[in-house]
Amino acid sequence: MLKKICLILLFILSFSYAKTYTLHMASTKYLDQAKLYYKDIKFNCPSFCNVIIRTPLKKNYSILIINIPTIKKSKKIQKLFHLKNKYTDSYIKKFRIKPNYKIVNLLGIRINDKETQDLFKQNVENSNKYITASVMYNSKQYKKAYKLFYKLFLNNNYNININYFLAKSAFNIKKYDQAIVALQRVLLLKPSFNQARYDLARVLYILKQKKEARIEFIKLLNSDIKEQTRTSIKKYLDILSKKKDKVSIYANLSIGINRSSNVNNGIKSSTFNLPGLNNILVESEKAKKDTSYFQMANIDFIYYLKNNSLKISNYLFAYNINYSKEKDENTTIISYKPSLLYQKNEKLYKLVFSTDKIYKKDNNGFYSLSISPQYIYNNFKSYIKYQRVIYIKKENKEKDFKKIQFSSRLNLLKNFEYYINLYKNTKIKDLRTDIDKYTMDNGIKIFYDITSSNRTNFNYEYYYSKYKDINIAFN
């Protein structure tokens with residue numbers, strides 16, 4: 001009985017001591033280096049941090065943050081430095097009793113205390129660099145604002161306003177990962193900054209990190225916020241609580257009329273001289289004008305897997321064009337494209353398969369089969385494509401070929417796009433000399449959005465083909 005009572009008392013006494021945590025930041029053999037570490041940690045740490053230099057154990061000085069009351073607060077302080085890519089080897093130790101450290105006398109070491117930091121903060125926010133960055137942000141020149149606030153951040157990483165507007169600028173140019181990191185720094189320095197938490201929750205929502213977004217939104221509901229913000233948060237939470245349908249269907253139907261001045265890809269004159277072959281006279285078909293009517297329909301079945309980041313798409317497309325006079329130019333296209341899509345934050349990976357049938361009058365057309373891995377990130381798109389073209393009529397089988405293509409497209413500026421296509425055609429049957437070729441196609445596109453649904457374009461393209469079989473008439 002006595003033994004049981006003693007065990008109970010020992011158990012109670014073991015919990016009567018307050019837990020305390022120590023964050024081991026760095027260690028060095030040299031006192032001067034230890035003082036430099038101390039200055040840096042003290043300057044970048046929140047004001048409540050108790051930073052010390054412990055006298056050598058095993059020949060090393062250790063820089064510690066001691067007497068941290070909770071593991072949560074310890075991890076927050078550690079994360080604050082990790083976000084700045086500092087002291088990434090730091091670690092946390094737990095003690096039942098406050099340890100008694102032998103510490104180095106730090107009298108005479110000048111550290112920027114809270115009062116000095118506040119003064120420095122005011123100086124920074126009154127500087128020309130900060131004012132210029134703010135003007136760029138307020139005038140919606142977010143790319144310039146981001147660059148300027150980032151430069152300010154490098155020398156003022158504890159400043160809440162610099163971090164916040166760095167995050168807002170990053171958000172507006174869709175650098176969502178950078179926005180998250182900057183907002184997390186803001187909240188580590190000032191957890192009560194509700195607007196920053198609201199912005200963080202919205203970024204997480206955009207990136208489809210639903211669990212993390214929900215946590216931040218719920219924290220805001222439990223704090224003192226405006227009723228308008230509370231209503232907005234409830235709408236977000238309602239959307240997050242709804243289970244998205246596993247299948248989505250998108251469909252489109254279009255009809256129209258065209259007028260072409262060159263239906264048959266003819267030339268202005270009925271004859272022309274062929275250069276390189278004694279300028280012999282060659283007869284050709286003149287360009288013909290005609291009016292056409294077209295019908296187009298497409299439908300896309302999308303099946304969502306794995307938290308909607310993985311999708312399967314089944315895309316069906318049909319197009320038909322009929323000419324008033326040139327009936328031989330009537331064309332029908334039927335296409336089926338199954339694809340696998342995986343999205344991770346702003347990056348989209350696609351694997352697209354395609355089977356198409358293009359035919360004209362008298363079954364004069366061909367089949368096309370292809371496979372294409374694709375990568376899309378913000379304003380950049382690139383893909384590789386392998387294609388095989390098979391003609392329907394037996395007498396056209398000598399035209400069958402295969403094609404390998406590389407394509408990239410990049411928005412260099414807001415309204416300026418550059419694209420390049422490189423591909424190689426190879427004949428399947430060794431009969432014709434007008435199939436094997438290398439082609440480069442590149443160009444620029446300048447566009448201006450008049451409204452959200454109206455755009456004007458200027459396009460310049462350079463296209464060149466080099467045939468394998470030497471023939472001046474073809475290149």
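Contact here means heavy atoms within 4.5 Å. That cut-off underlies the neighbour lists below. The model is predicted.

Start with Asn 298, which sits in strand S8, residues 290-305. Set aside residues up to four places away in sequence, and Asn 298 touches Tyr 250, Ala 251, Asn 252, Tyr 315, Leu 316 and Phe 317. Asn 298 has a relative accessibility of 18%. Buried means under 20%, so Asn 298 counts as buried. Another pairing concerns Ser 335. Asn 298 and Ser 335 are 37 residues apart in sequence, yet their C-alpha atoms are 9.3 Å apart in space.

Now step back to the whole protein. The chain has 475 residues, and 35% of them count as buried. Its secondary structure comprises eleven helices and 17 strands. Take the contacts between residues at least 6 apart in sequence: 53% of these join residues at least 24 apart. The exposed area is about 30,700 Å². Carbon and sulfur atoms supply 55% of that area.

Go next to strand S3, residues 60-68, where Asn 67 is placed. Asn 67 is partly exposed, at 32% relative accessibility. Beyond its neighbours within four places in sequence, Asn 67 contacts Thr 20, Tyr 21, Asn 50 and Lys 98. Lys 19 makes a further reference point. Asn 67 and Lys 19 are 48 residues apart along the chain, with 9.0 Å between their C-alpha atoms.

Charged pairs come next. How many salt bridges does a search of the whole structure find? The count is nine. One of them joins the side chains of Lys 86 and Asp 40, at 3.1 Å from N to O. This pair links distant parts of the chain, 46 residues apart. Lys 86 is in the loop between helix H3 (71-83) and strand S4 (91-95), while Asp 40 belongs to helix H2, residues 31-44. Both partners are partly exposed. Lys 86 has 23% relative accessibility, and Asp 40 has 22%.

A local pair lies in helix H9, residues 194-206. There Arg 202 forms a salt bridge with Asp 199, and the closest N and O atoms are 3.4 Å apart. Why are the two residues separated by about one helical turn? Arg 202 and Asp 199 are three residues apart in helix H9, so about one turn separates them. Their cover is not alike: Arg 202 is partly exposed, with a relative accessible area of 22%, whereas Asp 199 is buried at 4%.

Arg 409 and Glu 417 provide another bridge, with side chains meeting at 2.8 Å, N to O. Arg 409 is partly exposed, with a relative accessible area of 32%. Glu 417 is buried, at 10% relative accessibility. Elsewhere, salt bridges that share partners join Lys 168, Asp 199 and Arg 202 into one network.

Arg 409 also matters for reading Asp 441, which lies in strand S16, residues 437-451. Is Asp 441 buried or exposed? Asp 441 is buried, yet has no salt bridge. Its nearest side chain of opposite charge is Arg 409, 7.5 Å away. A salt bridge needs a side-chain nitrogen of Lys or Arg within 4 Å of a carboxyl oxygen of Asp or Glu. What surrounds Asp 441, then? Leaving aside neighbours within four places in sequence, Asp 441 is in contact with Tyr 419, Ile 420, Asn 421, Glu 461, Tyr 462 and Tyr 463.

The tour ends at the surface. Which residues gather in a patch of positive charge there? They are Lys 129, Lys 143, Lys 144, Lys 147, Lys 151 and Lys 175. Helix H6, residues 142-155, gives the most to this patch, with four residues. Lys 175 is located in the loop between helix H7 (160-172) and helix H8 (176-189). Lys 175 counts as partly exposed because its relative accessibility is 31%. Patch members need over 30% relative accessible area and no salt bridge.

Key:
Residues numbered from 1 in each chain as written. Predicted model: local features only at pLDDT ≥ 70, side-chain atom pairs only at ≥ 80, totals over all residues. Heavy atoms only, no water. Buried < 20%, exposed > 50% of the residue type's maximum accessible area, 1.4 Å probe, protein only. Areas by Shrake-Rupley, 256 points an atom, 1.4 Å probe, with all protein chains shown as cover. Patch = residues over 30% accessible without salt bridge, like charges linked within 9 Å, V, L, I, M, F, W, Y side chains within 5 Å. Lys, Arg positive; Asp, Glu negative; His and termini not counted. Charge placed at Lys NZ, Arg CZ, Asp CG, Glu CD.
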